[in-house]
Structure formats: C-alpha cells, structure tokens
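Good morning, and thank you for joining. I would like to take a few minutes to go through one structure with you. Please look at the display as I begin.

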Amino acid sequence: MMAEREEDDDTEEAWMQLRPTEPLPSQCCGSGCSPCVFDLYHRDLARWEAARASKDRSLLRGPESQSCPSKLNPETFVAFCISAMDRLTKDTYRVRFALPGNSQLGLRPGQHLILRGIVDDLEIQRAYTPISPANAEGYFEVLIKCYQMGLMSRYVESWRVGDTAFWRGPFGDFFYKPNQYGELLLLAAGTGLAPMVPILQSITDNENDETFVTLVGCFKTFESIYLKTFLQEQARFWNVRTFFVLSQESSSEQLPWSYQEKTHFGHLGQDLIKELVSCCRRKPFALVCGSAEFTKDIARCLLCAGLTEDSYFLF
C-alpha cells in the first residue's frame, strides 16, 4: 500500500501540481529589487526541476532558515501589525508598524521594502521607503500616497489599526557613510521625500557627522508639503538648509513668513538647479527621488550644472 502511494506521488501529474507558478506582472514592483519576484520564481523553478529529475521531494524545501520568523527577509514576506495610521494630506498616510520588543528593522538609511497586497484576488507589490530613523526601536513608519485608481491604494485605504501587512526587504544600493561627502544635495518630489528623511536624520543625530545638507522638496501646494514639523526642526541644525518648490502656487504672500524666502514657484528646472549647485558650500553629491519623469529631468539638469554621473544617485 505504501509503495502504491509513493508511485502516485511520483506521477507526472503529481509533480506538475508542485511546479512553481510564474508571477504576474502586477507582482513585480518595478523598482529593480534583488531578488525580484521573478528571481525567486526562477530559483524555485530550478529547485523543482532538480527535485523532479531525482524524484526527491526534500529538495523542494531548500536550505533551512535559522532566522527568527518575525525578522525582515529579502526573499520571504513577513507579517507586521499596524499600530498607528495618520492621514497627513487628503491622499497620503503615515503608517506605523510594530516590531517585536525593542528590536530594530535593520535597514540602512534610504533602503526600501516591498509591500504585498491582494485586491480582487490579484496580488500586487509596491516599493516603499521607511521614514523612521534607521535605529528606531520597536517600530518602523512608511509614507504612502494613495491614488484614485490605484490597486495598492485600495488595499492601503482598507487598513485599520491592528491589521497585518506583509513586507520583505531590505533593498537599495545607496549606502550613506558619515562624512563621505562634503555636501549632500537632496532633490525630492512628493513622496520621493521618503528616502531623504532617514538619511537627513542620521546626519543630524550624529554629532561627529559634519556633512552639509541642502534639501529641496517639490510639491504642488504648501498644504501638500509632508512632514513640515520634522523639516522645520531639521533646518535649525547648523549644517542643514531646506527649500521648497511649489508648482501650483505663484505668490509667497499667503505663506508663513518662515517659508517665504526659501520657497520657489513653478518647477525645479535647469536655472534653479544651477543656482542650487553653485550655492552649495562644498562639492555636492546629489540624491534624487520622485517620479520617473522627475528623476530623468533632474539628472539631465545636474549634468548641465557641471556634475558628473558619479556625483549623483537616482533612487
């Protein structure tokens, strides 16, 4: 009887049922993560083919992981509980996730995570960068903008405190080291501000880091500027300057006096980039994050302003 069951388990139909399912395009976040969901699929497919050829199902499991099941992992989604959810603007949320005890997430400033969501039985994945300090204990926070027709937005807007969300990571190729650059020029549009926040805070939290920082945040209106209190506090440090570019406002008269001199109107273009680069107190290294179009335009402007391709990083 046992022999018959083993023969049934080794039939072609039985093995095909164990074959990994190729991910849908919606399951790729498109941010160049390594490993990507397609990398994991091809790894599992190779493992399945080897197991099938040798008729050894134990090969499907792969090496045993010794990590804690609640620890972040770049290959496996891990559940984290939502402990707070604040609406910053009409379409943007700051969401806090709890970590066990006083543990830390284990990211370097500026690295990102992949969120998995399921909407209408369709699995989707998107990349988000935590805005909490890299050394935050017991929690991490992300900034998420929701779009009217976005599938992930529908998933996020269904969240309530106490719900669970699944993340994997960390990912990202930019690793900041204290005093590595004379000055950082941080150019961000909208939620592209997210990776700049932990990088900036890691500098101001370290009294031995003397890097100058010029941060430029591009938003539609004054009301749509994220994390105003945090940015105001950071601008009080001797080595930090902040500027803003508002695309849908044209006058400083309605702005608080503390914003009037450091706010520009329109778009961040060639002339303003040249002015910012020339006003840097030391040779700048630029970090750029925003939409694909924003990133491409700013990279071109930086080259025209005299920076070389090894003098900036595009998130």
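I start with a pair of strands: β7 and β8 run parallel and are joined by seven bridges. Within this pairing, leucine 185 stands opposite threonine 214 of β8. Together with α5, the two strands form a right-handed β-α-β unit. I should say at once that this is a predicted model.

β7 has another partner as well. Six bridges pair β7 with strand β11, residues 284-289, again in the parallel sense. Here leucine 187 has valine 288 of β11 as its bridge partner.

How many residues of β7 are buried? Seven of the seven, from 183 to 189. In general, side chains in a regular strand alternate between the two faces of the sheet. In β7, one side carries Glu183, Leu185, Leu187 and Ala189, the other Leu184, Leu186 and Ala188, and all of them are buried.

Let me now turn to threonine 211, in the loop between α5 (196-204) and β8 (212-219). Is threonine 211 buried or exposed? Threonine 211 counts as buried because its relative accessibility is 1%, against a cut-off of under 20%. Its side chain makes a polar contact of 2.6 Å with the side chain of aspartate 209. A polar atom of the threonine 211 side chain also lies 3.5 Å from the backbone oxygen of tyrosine 181. Among the residues that threonine 211 touches are Glu183 and Leu184, as well as Ile203, Asn239 and Arg282.

Finally, the whole protein: nine helices and 12 strands, with 43% of its 315 residues counted as buried.

Definitions and conventions. Residues numbered from 1 in each chain as written. Predicted model: local features only at pLDDT ≥ 70, side-chain atom pairs only at ≥ 80, totals over all residues. Heavy atoms only, no water. Helix = DSSP H or I, 4+ residues; strand = E, 2+ residues; numbered from the N terminus. Buried < 20%, exposed > 50% of the residue type's maximum accessible area, 1.4 Å probe, protein only. Polar contact = N/O pair within 3.5 Å; in protein donor to acceptor, adjacent residues only side chain to side chain. Contact = heavy atoms within 4.5 Å. Pairing = 2+ DSSP bridges. Right-handed = clockwise from strand over helix to strand, strands pointing away. Lists of a residue's contacts leave out its neighbours within four places in sequence.
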